[in-house]
Amino acid sequence: MLPVRRLPTTTVGQCFTLVRSFAGGITQWAKKAEQLESEEPAAEELPVTFVDDDAESMEAREARIATLRNKSRLLPQHRNMLHGVLPYEQSQSWIHDTVKYKRMMLGRYGIDGSKVDPRVCFPTKKEAYERAEYERVAFPFSLKQMMDANESERKARKAQIEAREAEVSRKLEKLDQWTADLNARIAKKEAEARAAKERKDRLVEEVRRHFGFKVDPRDERFQEMLAQKEREDRKKVKEAKRKEKEEKMMEKLQKKTAQLEADIEVPSGEKTKQ
């Protein structure tokens, strides 16, 4: 006889549990299949090919087909706008009842598509009166008056530009003279600065010769003597200017005297001839 192999107790328990669970699953699946067979599927849950055409109307069928065709997942109003249709069949907000919104819908979708009375595009008597009153206050002048005013303003602006250009041209003509005068003033100031420096150097040298030895310019004696020399020099310059002024005055008086003598001699010569 062949030896009999005994299985462990743990393995036998596991197999028994597996078989029991498998049997339970088969039982549940069978009950579910019976339940599905006993229930009739709804028409809207079945595909189009499995729906009985006699059981639904044409409108319902078209609506169901349209719903199945809509794969965009857009909102109805957005899908209507995409296909060029009025977004809302009825007003959803107070904005949809405003004149501005109705005019916009009429202009975008037309009379038939917008379902808006075209008379909303025309102003009422009150709006026409208010508009006329606004134009009367905001634009009090007529078109002819505004054109005349614009022409006058244009002529005045043109005359102003021409006057400015003439002034610039006149000043450009004097530019050379102004440049020469400026250079002359600069040269005069430079000459005066050089003369003042030379005069200061000369005075410093005279002070040094006065002491007979080299003295520090910061010494008080040197400063006092330099100030005295400067005062004497200023007096000399002032006296020279005064003499020059007197000479000029004398020269002018001589010219006037000679002119008067000449004027007196002319009438006397005319009398002699007569």
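Let me begin with three residues, Arg164, Glu167 and Lys171, which are linked in a network of salt bridges. Please keep in mind that this is a predicted model, and that across the structure there are 13 salt bridges, of which I will go through a few.

Within that network, Lys171 pairs with Glu167, and the closest N and O atoms of the two are 3.2 Å apart. Both residues belong to helix 6, which covers residues 143-173, and because they sit four residues apart there, about one helical turn separates them. As for their surroundings, Lys171 counts as partly exposed, since its relative accessibility is 40%, and Glu167 is likewise partly exposed, with a relative accessible area of 26%.

A second pair is found in helix 8, residues 220-273, where Glu246 and Arg242 are four residues apart, again about one turn of the helix. Here the salt bridge brings the closest N and O atoms to 2.5 Å. Glu246 has a relative accessibility of 41% and so counts as partly exposed, while Arg242, at 38%, is also partly exposed.

The last pair that I would like to show is Lys115 with Glu89, whose side chains meet in a salt bridge at 2.9 Å, N to O. This pair links distant parts of the chain, 26 residues apart, with Lys115 in the loop between helix 4 (99-114) and helix 5 (125-138), and Glu89 in the loop between helix 3 (76-82) and helix 4. Are these two residues buried or exposed? Lys115 is exposed, and Glu89 is exposed as well.

Methods
Residues are numbered from 1 along each chain as its sequence is written. This is a predicted model: local features need pLDDT of at least 70, side-chain atom pairs count only at pLDDT 80 or more; totals for chains, interfaces and linings use all residues. Side-chain values use heavy atoms; hydrogens and water are left out. A salt bridge is a side-chain nitrogen of Lys or Arg within 4 Å of a carboxyl oxygen of Asp or Glu. Helices (H or I, at least four residues) and strands (E, at least two) are DSSP runs, numbered from the N terminus. Buried means under 20% relative accessible area, exposed over 50%, partly exposed in between (1.4 Å probe, protein chains only).
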